[in-house]
Amino acid sequence: PRLQPDDSRTFFTVAEGWGIISQKRTDKKQTNAIHVMHGRVRLSRLRFDVGEGKDVRSVKVKLGRRTLRATYTCDSGAVVIDLKKPCVVKADKKISVVLSY
């Protein structure tokens with residue numbers, strides 16, 4: 001989100017579902033969550049802006065309580081996360097990403 005990147009929530013919609021995306025930033029980490037409210041969302045790659053000058057040192061991705069294996073690359077103030085196996089996030093489920101600086 002460009003407005004209030006330190007603490008924001010916004011609605012999203014895709015072909016098979018919709019929900020809420022949230023982002024919280026502190027000095028040491030950024031937490032992003034995609035909460036699917038209806039339908040389902042297929043994911044294999046995620047991209048989040050982290051702001052200029054932030055050096056991402058680790059990425060943790062969870063679907064509910066299950067940790068998902070992923071790799072990441074940093075590119076001009078953003079991090080791109082590739083899941084080892086694509087996943088489907090169903091209604092009432094949440095995928096969360098914690099980026100540590």
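This passage walks through the fold, the salt bridges, the surface patches and a few individual residues of the model.

The structure discussed here is a predicted model. The protein chain contains zero helices and eight strands, and from the N terminus on its elements run β-β-β-β-β-β-β-β. Its radius of gyration is 13 Å, close to the 13 Å that the globule rule gives for 101 residues, so the chain is as compact as a globular protein of that length. Taken along the principal axes, the C-alpha atoms fill a box of roughly 35 × 30 × 20 Å. Of the 101 residues, 32% count as buried.

Turning to charged pairs, side chains of opposite charge can pair when their charged atoms come close. In this chain the count comes to five salt bridges. One of them joins Asp7 to Lys24, with the closest N and O atoms 3.1 Å apart. This pair links distant parts of the chain, since Asp7 sits in strand S1 (residues 7-14) and Lys24 in strand S2 (residues 17-25), 17 residues apart. Asp7 counts as partly exposed because its relative accessibility, 45%, falls between the 20% and 50% cut-offs. Lys24 is likewise partly exposed, with a relative accessible area of 49%.

A salt bridge also brings together the side chains of Glu16 and Arg40, at 2.9 Å from N to O. Here, too, distant parts of the chain are linked: Glu16 belongs to the loop between S1 and S2, Arg40 belongs to strand S3, and the two are 24 residues apart. Glu16 is partly exposed at 35% relative accessibility, and Arg40 is partly exposed with a relative accessible area of 34%.

Strand S3 takes part in another such contact, in which Asp82 forms a salt bridge with Arg45 and the closest N and O atoms are 2.6 Å apart. Asp82 lies in strand S7 (residues 78-90) and Arg45 in strand S3, so that this pair, 37 residues apart, again links distant parts of the chain. The two partners fall into separate accessibility classes: Asp82 is partly exposed, with a relative accessible area of 24%, whereas Arg45 is exposed, with a relative accessible area of 54%. Salt bridges that share partners also join Glu16, Arg40 and Arg42 into one network.

The surface carries patches as well. Lys29, Lys60, Lys62 and Arg65 form a positive surface patch. Of these residues, Lys29 lies in strand S3, which spans residues 29-49. Lys29 is partly exposed, with a relative accessible area of 40%, and it can therefore belong to a patch, where over 30% is needed. A nonpolar surface patch is made up of Phe11, Trp18 and Met37, which together have about 300 Å² of accessible area. Phe11 is located in strand S1.

Strand S1 also holds Arg9. This residue counts as exposed, at 65% relative accessibility. Although Arg9 and Gln23 are 14 residues apart in sequence, their C-alpha atoms are 6.5 Å apart in space.

A contrast to Arg9 is offered by Val89, which lies in strand S7. With a relative accessible area of 0%, Val89 is buried, because the class takes in values under 20%. The C-alpha atoms of Val89 and Ile34 are separated by 8.8 Å, while the two residues are 55 residues apart along the chain.

Finally, the backbone angles of two loop residues deserve a look. Ser76 has a positive phi of about 50° although it is not a glycine. This serine lies in the loop between strand S6 (70-74) and S7, and it counts as exposed at 65% relative accessibility. Asp92, also a residue other than glycine, has a positive phi near 70°. Asp92 is found in the loop between S7 and strand S8 (93-100). With a relative accessible area of 62%, Asp92 is exposed.

How values were computed. Residues numbered from 1 in each chain as written. Predicted model: local features only at pLDDT ≥ 70, side-chain atom pairs only at ≥ 80, totals over all residues. Heavy atoms only, no water. Patch = residues over 30% accessible without salt bridge, like charges linked within 9 Å, V, L, I, M, F, W, Y side chains within 5 Å. Areas by Shrake-Rupley, 256 points an atom, 1.4 Å probe, with all protein chains shown as cover. Salt bridge = Lys/Arg side-chain N within 4 Å of Asp/Glu carboxyl O. Lys, Arg positive; Asp, Glu negative; His and termini not counted. Charge placed at Lys NZ, Arg CZ, Asp CG, Glu CD. Helix = DSSP H or I, 4+ residues; strand = E, 2+ residues; numbered from the N terminus. Buried < 20%, exposed > 50% of the residue type's maximum accessible area, 1.4 Å probe, protein only. Rg over C-alpha atoms; globule rule 2.2 N^0.38 Å.
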